[in-house]
Amino acid sequence: MIVGTGLAGYNTAKAFRKLDTQTPLTIVSADSGRSYSKPMLSTGLRKEQTPADLVQASPEDMAAELDARVIAGTRVVAVDRRGQSVQLAGGETIGYDRLVLATGADPIAPRLDGDAANRVLQVNDLDQYEVFREAVAGASRVLIMGGGLIGCEFANDLAEAGYGVDLVFPEDAPLPRLLPERPARALQAALEGLGVRVHTGVTLDAVNGADGGVVARLSDDRELAADVVLAAIGLKPRTALAEEAGLRVGQGISVDRYLTTSDPAIHALGDCAEVEGYVLPYVAPLNNAAKAIGATLAGDATAVNYPVMPVMVKTSCCQVVAWPPPEDATGEWHADGDGRDLRGEFRDADGTLRGFYLTGSRIKERMAVTREMAPLLDGQ
């Protein structure tokens, strides 16, 4: 049984079915169960793609393709480890030999005052994206909370689609977890070149209704008018189901290199999982994990391989590829380039490459610089 029909859940099912076509497979999803690529949500407007255009397959299509029972729109409310079964919200109990938790992450909800705080939207799946697209259909200005990857990608997408955009975040420059100041400023300048109004060093404190839209009050007491407010301030792995089942949990659901939890019959991957201390909510590590779990479920115990997997930020105004150095790494940045076309390398005292960034036309150097770095987990 697999819980979750995002990329992690469906890719695990596909990897498993390539190796085992006989074992009964059940997939349960709290959402609509449609197959789609989540990274495409933040580029759909400028590509003039509707939410329907992003759907790759219906849950019925996926059930047929995977020879599986797909139960959509139903939440798993409890895991009985002793009885090896899960209980669904409707009361049904289903047994399992192996259970895979691919439950993803929840967007962090902003704490806001104001009578329109409940109108602030978040986009973490296709169902929420549909609500967002309906909201912006008649809008002209959108305010985005958060200067991370998702906030910057949505700001780029909305601006290129013709919307006025305000981007608000408390840090001094965008992408604070991925980039040092110089490339971050290059991205900021590129966004501003699209017409995005970037507000650094402030938070959003309150949202009140006004004239069919809203007025947002910032921490410096400025006010910004908008039609729609989108919060993109981070994700928190969904661990509640695992915690209630007594599984070991850290930042995410704790798993070893075989993506096995503290219960040998239960695995986890994707945004909900912490693999040997790493929480990597990106597509590349998810795909590697799905292949490994698929093989393990089919009888060939396989450790996950995590090479360096640089993060690609889909800001077409200034594309970014980055792999930040570990937080405890000591060393210094070495940079070259001009304008938006930058390359930076973080090297320690021994000259070992521990992190890098590439922006603009320099992203074509990604493969060469990545090959110089040691893998995170070699699967051995």
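Which strands and helices do the buried residues of helix 4 pack against? In this predicted model, the partners are strand 3 (35-36), helix 2 (51-54), strand 4 (55-57), strand 11 (141-145), helix 5 (149-160) and strand 17 (228-231). Helix 4 itself covers residues 126-136. Its buried residues are Leu126, Tyr129, Phe132, Arg133 and Val136. Seen down the axis of helix 4, these residues fall within an arc of 105°, so they line one face of the helix. A polar contact is found at the start of helix 4. There, a side-chain oxygen of Asp125 comes to within 3.1 Å of the backbone nitrogen of Asp127.

The loop that leads from strand 10 (105-107) to helix 4 holds Pro110. Pro110 has a relative accessibility of 21%, so it counts as partly exposed; the buried class ends under 20%. Pro110 and Ala231 are 121 residues apart in sequence. In space, their C-alpha atoms are 7.0 Å apart. Ala231 is also among the contacts of Pro110, once neighbours within four places in sequence are left aside. The other residues on that list are Val120, Gln122, Met145 and Ile233.

A second helix packing involves helix 1 (residues 7-19) and helix 3 (residues 59-66). Their axes lie 10 Å apart and meet at an angle of about 25°. Angles under 35 degrees count as roughly parallel, so helix 1 is roughly parallel to helix 3. Helix 1 contributes Tyr10, Ala13, Lys14 and Arg17 to the contact. Helix 3 contributes Pro59, Met62, Glu65 and Leu66. By class, the contact has five nonpolar residues, three charged residues and no polar ones.

Two buried residues in strands come next. His199 sits in strand 13 (residues 197-199). Its relative accessibility is 9%, so His199 counts as buried. The side chain of His199 makes a polar contact with the side chain of Asp166, at 2.7 Å. Asp166 is also one of the residues that His199 touches, not counting residues up to four places away in sequence. Leu167, Val168, Phe169, Arg222 and Leu224 complete that list.

Ser254 belongs to strand 19 (residues 253-255). With a relative accessible area of 14%, Ser254 is buried. Its side chain reaches the backbone nitrogen of Gly250 at 3.3 Å. Beyond its neighbours within four places in sequence, Ser254 is in contact with Arg248, Val249, Thr260, Thr261, Ser262 and Glu274.

The loop between helix 7 (240-244) and strand 19 contains Gly246. Gly246 is partly exposed, with a relative accessible area of 49%. The exposed class begins over 50%. Not counting residues up to four places away in sequence, Gly246 touches Arg81 and Ser262. Gly246 and Arg81 are 165 residues apart in sequence. Their C-alpha atoms are 8.7 Å apart in space. Ser262 is thus listed as a contact of Gly246 and also of Ser254.

Thr352 is another loop residue. Its loop runs between strand 25 (341-347) and strand 26 (353-359). Thr352 is partly exposed, with a relative accessible area of 40%. Thr352 touches Phe346 and Arg347, not counting residues up to four places away in sequence. Thr352 and Arg177 are 175 residues apart in sequence and 21 Å apart in space, C-alpha to C-alpha.

Backbone angles provide the last topic. Most residues other than glycine have a negative phi. Leu175 has a positive phi, near 50°. Leu175 lies in the loop between strand 12 (164-168) and helix 6 (181-193). At 2% relative accessibility, Leu175 counts as buried. Asp221 also has a positive phi, of about 75°, although it is not a glycine. Its place is in the loop between strand 15 (213-218) and strand 16 (223-226). Is Asp221 buried or exposed? At 60% relative accessibility, Asp221 counts as exposed.

Conventions:
Residues are numbered from 1 along each chain as its sequence is written. This is a predicted model: local features need pLDDT of at least 70, side-chain atom pairs count only at pLDDT 80 or more; totals for chains, interfaces and linings use all residues. Side-chain values use heavy atoms; hydrogens and water are left out. Axes are lines fitted to C-alpha atoms, for helices over the stretch in contact, and angles run from 0 to 180 degrees between N-to-C directions. Helices (H or I, at least four residues) and strands (E, at least two) are DSSP runs, numbered from the N terminus. Angles under 35 degrees count as roughly parallel, over 145 as roughly antiparallel, 65 to 115 as roughly perpendicular and the rest as oblique. Contact means heavy atoms within 4.5 Å. Ala, Val, Leu, Ile, Met, Phe, Trp, Tyr, Cys and Pro count as nonpolar, Asp, Glu, Lys and Arg as charged, and the others, Gly among them, as polar. Buried means under 20% relative accessible area, exposed over 50%, partly exposed in between (1.4 Å probe, protein chains only). The arc is that of the directions from the helix axis to the C-beta atoms. A polar contact is a pair of N or O atoms within 3.5 Å; within protein, one must be able to donate a hydrogen and the other to accept it, and residues adjacent in sequence count only if both atoms are side-chain atoms.
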